[in-house]
Amino acid sequence: MSYRRVASFKTAADLRASLAQSQIDLAFDDVLTSGPNAPLAQPYRLPNGFTIGNRFCVLPMEGWDGTTDGRPTEFTLRRWRHFGLSGAKLIWGGEATAVRPDGRANPNQLIISEQTLGDLIALREALVASHPGRTDDLLIGLQLTHSGRFARPTDKKRLEPQILYHHPLLDRKFGLLPEHALMSDDDIARLVDDYVAAARLAQRAGFAFVDIKHCHGYLGHEFLSAVDRPGRYGGSFENRTRFLREIVMGIRANVPGLEIGVRVSAFDFIPFRPGPDRVGEPEPLEGKTYRYAFGGDGTGVGIDLTEPCAFLDLLASLDIHLVCITGGSPYYNPHIQRPAISPPSAGYLPPEDPLTGVARQIAVTAALKRRRPDLSIVGSAYSYLQEWLPNVAQYVVRTRQADFVGLGRMMLTYPDMCADVLAGRPLQRKRICRTFSDCTTAPRNGLVSGCYPLDEFYKARPEANQLAEFKRQA
Ligand SMILES: Cc1cc2nc3c(=O)[nH]c(=O)nc-3n(C[C@H](O)[C@H](O)[C@H](O)COP(=O)(O)O)c2cc1C
């Protein structure tokens, strides 16, 4: 698979010609506008009357760097300060925060509880304090999670999965035995209560909304594909969305005034694996269709938005307006979730030009926005665009294909890219994320996440040497 590096596109015409040659449908504005009339600078009014100051959104980015009892550390604070100083006015969740200890994705994930409340208040306040200018147009939410199949609450290297159904491919890939117990309906009912309690705490911590995470293979997302699960929480679309509806009902009844958002993997593919040349290839299909991709068309590598559209209709009917669109999972098909030039070590090489992955997320988001123009939609997976990120972002927002442009990895290297774009300053090219995936490779090897190639802070840390050694061995 050969394709050009984004940094090599020196002119808009060059990029456009290359996209056309590769048949990648990705539009962008040649010229960026700054100042109060710039599309990305436009305020956005939510139905509840709150006005978000511009169209940049910081996506949730965890760092595997909390204390073992679920509190933020200096690393976490530094990252949240960067989120604040970015200039983005929508902070989607900060980072995944477990609603209870057994739902952590790693032993250093944040937990929301009475014990950690003071620390979470301080974390949010640090973000606000670092934000340049006014803060009455800054909307900050907290992402609530249970990691389900991908829970590693006590040991970074050991999965302690809590699953809703036996997935033929993922069970095999991650070593689950057929006798591994499923979460019972009673377990799920207790977890619903934990989400509601967490939402109440989030409100006390000053967060304006909670994200009931439904993405990336974690538990909320697994519900959406639980087509084989018997009982109240599986099978029909109605049953697969019961978990969400019950949490929302609980929050509405017990936490008045707290807004709710949902980040959803609106499409998914079959798990991928390294092929003979390490290039990613889909796991072979067992049977005629692949049934476990929410938003999939049954082939394992195609999209059908019928159910995601129904999901958005459901959100609207629940009076949920804040929706963040993402796709796939970092555990079994990372190239569709976070397109990158180099995979995390131990991963597979990109099976497509990563720009195809960016264009796919933008197209899905645009289709969903067309379907529900009334919802406030955030798009994801822009970081691979690098120098061209602002041009694509401006086009997407200007043409109403999304209301907000969400930024993930770019926030680790160059958080103030948003501020530079809004002010019309030239980009600082040396700080642009080049998607080397060290921010994923590091935690997969038990280290804190951060930008080791570009951020001087992480470059100088002893973990940088350890990471280099891990990569050499891989
Ligand atoms: C190091 C790292 C941590 C992440 N943490 C979270 C998280 O806590 N919650 C979440 O929903 N997504 C998380 N993501 C996914 C990002 O929010 C985002 O969807 C992804 O990186 C693609 O956007 P980008 O191209 O701007 O990076 C994480 C991604 C990375 C690389």
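On a 1 Å grid laid over the protein atoms alone, a pocket is an open set of points with protein on both sides within 12 Å along at least five of seven lines, and its lining residues have an atom within 4 Å of a point. A volume is the space filled by probe spheres set on the points, which are joined across faces, edges and corners. The model looked at here is predicted, so to speak of a local feature takes a pLDDT of at least 70, side-chain atom pairs count only at pLDDT 80 or more, and totals for chains, interfaces and linings use all residues. Residues are numbered from 1 along each chain as its sequence is written, and side-chain values use heavy atoms, with hydrogens and water left out.

The largest pocket holds about 1100 Å³ of space. Its lining runs to 49 residues, with Pro-330, Tyr-331, Arg-338, Thr-440 and Arg-444 nearest the centre. At least two lining residues each come from strand S10 (272-274), helix H10 (334-337), strand S14 (404-407) and helix H15 (438-444); helices (H or I, at least four residues) and strands (E, at least two) are DSSP runs, numbered from the N terminus. H15 chips in the largest share, four residues. By class, the lining splits into 23 nonpolar, 15 polar and eleven charged residues, where Ala, Val, Leu, Ile, Met, Phe, Trp, Tyr, Cys and Pro count as nonpolar, Asp, Glu, Lys and Arg as charged, and the others, Gly among them, as polar.

This largest pocket is the space taken by the ligand, in the sense that more than half of the molecule's atoms lie within 2 Å of the grid points. Around the ligand sit 22 residues, and Gln-143, Arg-263, Ser-383, Gly-408 and Arg-409 come nearest; to be counted, a residue needs a heavy atom within 4 Å. That shell is made up of ten nonpolar, seven polar and five charged residues.

Polar contacts are pairs of N or O atoms within 3.5 Å. A polar side-chain atom of Gln-143 is 2.7 Å from a ligand nitrogen, while polar backbone atoms of Pro-60 and Ala-96 lie 2.8 Å and 3.1 Å, respectively, from an oxygen atom of the ligand. Taken alone, the ligand exposes 610 Å², and the protein buries 99% of that (Shrake-Rupley areas, 1.4 Å probe).

The second largest pocket holds about 230 Å³. Asp-25, Leu-26, Ala-359, Ile-362 and Ala-363 are the closest to its centre among 14 lining residues. Helix H11 (354-371) and helix H12 (389-398) each supply at least two of them, and the largest share, seven residues, belongs to H11.

Notes:
1 Å grid on protein atoms, 1.4 Å probe; cavity = no way out; pocket = protein on both sides within 12 Å on 5 of 7 lines; lining within 4 Å. Polar contact = N/O pair within 3.5 Å; in protein donor to acceptor, adjacent residues only side chain to side chain.
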